[in-house]
Amino acid sequence: MREICYKCLRAKENCFCRYIRRIDSGVKFIFLMHTKEAKRQRTGTGRLASLSLAESEIITGIDFSENARIKSLLADERYFPAVLYPGEDAWTAQKAGFSEEIGRKTLLVFVIDATWFCAKKIIKLNPWLTTLPKLSFSGNYTSIFTFKKEPSAECVSTIESCYYLLRELQDARIVPKAELSPLMSVFKAMIRFQLEMENARVEGRIPSTHAKDFRYTKKREIPDYLLDSAESGNTPDGSKSPASAEKSAFTEKSDQL
């Protein structure tokens, strides 16, 4: 039976914690994680973002209307609450008056972590969310989530949304400067792991364990921007990358049979 990392909830041999670096962003993020997202995507991008962003929290559910923690945060006068959601009426770092609107308060950003279909359900069941100011980013970004299909080209993952929002807030000097690259580093590690494992299943080097594996018959090219400096599969600190570690573990187990 596999040992589980109780921080990132992955098997220890392909744990992502080695890529996680805590970021003091100057923003408090609250991830409203749909129960399906929590169950099916144990290490979805929302969880990786929360592990990376200091002071962030994950609250799991669908209807958060009576959640005591959320009520406490909304009543706290230290915070300027907003919901990360696109719209013409959404604040962005570039909009005149936004910095003055926040004043000396800390941005409290609610992030809906769910598929677009489930996100709409959360909005419907939580009318209090629609009373909050909307917050978004102004740039047009394309997701690097190469193995996941989004509803449209401009849709980006939860962790990318946090990254681009913080980058624009920093550029506008609304929040203090902080190194944001760890957000994308752990995200790229996750994407590379998924692609490497998919290719390993196609080649028969590891068994197919997913119901939809029959759809994958061709190897996927791993983009250059996902490759770290150690082509041997090692991370910058010299340890094995998650995908390499899992393949090695399977090989060792096969040799013992």
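Student: How many residues does helix H8 have, and how far does H8 reach from its first C-alpha to its last?

Tutor: Helices and strands here are DSSP runs, numbered from the N terminus, a helix (H or I) having at least four residues and a strand (E) at least two. The expected span of a helix is 1.5 Å times one less than its number of residues. H8 has 22 residues and reaches 32 Å between its first and last C-alpha, close to the 32 Å expected at 1.5 Å a residue. After H8 comes Gly204, with a positive phi near 80°. Please note that this is a predicted model, in which local features need pLDDT of at least 70 and side-chain atom pairs count only at pLDDT 80 or more, whereas totals for chains, interfaces and linings use all residues. Residues are numbered from 1 along each chain as its sequence is written, and side-chain values use heavy atoms, with hydrogens and water left out.

Student: How many of the residues of H8 are buried?

Tutor: A residue is buried under 20% relative accessible area, exposed over 50%, and partly exposed in between (1.4 Å probe, protein chains only). In H8, 17 of the 22 residues are buried, so the helix is largely enclosed by the rest of the structure.

Student: Which residue forms a salt bridge with Arg192?

Tutor: Side chains of opposite charge can pair when their charged atoms come close. The criterion for a salt bridge is a side-chain nitrogen of Lys or Arg within 4 Å of a carboxyl oxygen of Asp or Glu. Arg192 pairs in this way with Glu196, and their closest N and O atoms are 2.6 Å apart. An α-helix has 3.6 residues a turn, so residues three or four places apart point the same way. Arg192 and Glu196 are both in H8 (residues 181–202), four residues apart, which is about one turn of the helix. Arg192 is buried at 8% relative accessibility, and Glu196 is buried at 9%.

Student: Which residues are joined into one network by salt bridges that share partners?

Tutor: The network consists of Lys28, Glu57 and Arg69. Within it, Arg69 and Glu57 form a salt bridge whose closest N and O atoms are 2.6 Å apart. Arg69 belongs to helix H3 (residues 68–75) and Glu57 to strand S2 (residues 57–60), so this pair ties together parts that are twelve residues apart in sequence. Arg69 is partly exposed, at 36% relative accessible area, whereas Glu57 is buried at 19%.

Student: How many salt bridges does the whole structure hold, and where do Asp89 and Lys134 lie?

Tutor: The search of the whole structure finds eight salt bridges. One of them joins the side chains of Asp89 and Lys134, at 3.5 Å from N to O. Asp89 is in the loop between strand S3 (79–84) and helix H4 (98–102), and Lys134 is in strand S5 (residues 134–135), so the pair ties together parts 45 residues apart in sequence. Asp89 is exposed, at 54% relative accessibility, while Lys134 is partly exposed, at 28%.

Student: What is the order of the strands in the sheet?

Tutor: Strands of a sheet pair through backbone hydrogen bonds, either parallel or antiparallel. Two strands count as paired if DSSP finds at least two bridges between them. Here an open sheet of five strands follows the order S2-S1-S4-S3-S5, with parallel pairing. S2 and S5 are the edge strands, each pairing on one side only. S3 and strand S4 (residues 106–113) run parallel and are joined by five bridges; Pro81 stands opposite Leu108 in S4.

Student: Which strands does H7 touch, and what angle does H7 make with S1?

Tutor: Contact means heavy atoms within 4.5 Å. Axes are lines fitted to C-alpha atoms, for helices over the stretch in contact, with angles from 0 to 180 degrees between N-to-C directions. H7 packs on the sheet and touches strand S1 (27–33), S3, S4 and S5, its direction making about 160° with that of S1.

Student: How many aromatic pairs does the structure hold, and how are the rings of Tyr163 and Tyr164 arranged?

Tutor: Rings of Phe, Tyr and Trp (its six-membered ring) pair if their centres lie within 6.5 Å; planes under 30 degrees apart are stacked, over 60 edge-to-face, and the rest tilted. The structure holds ten aromatic pairs. The ring centres of Tyr163 and Tyr164 are 5.2 Å apart with planes at 70°, so this pair is edge-to-face. Tyr163 and Tyr164 are both buried, and they form one aromatic cluster with Phe137 and Tyr141.
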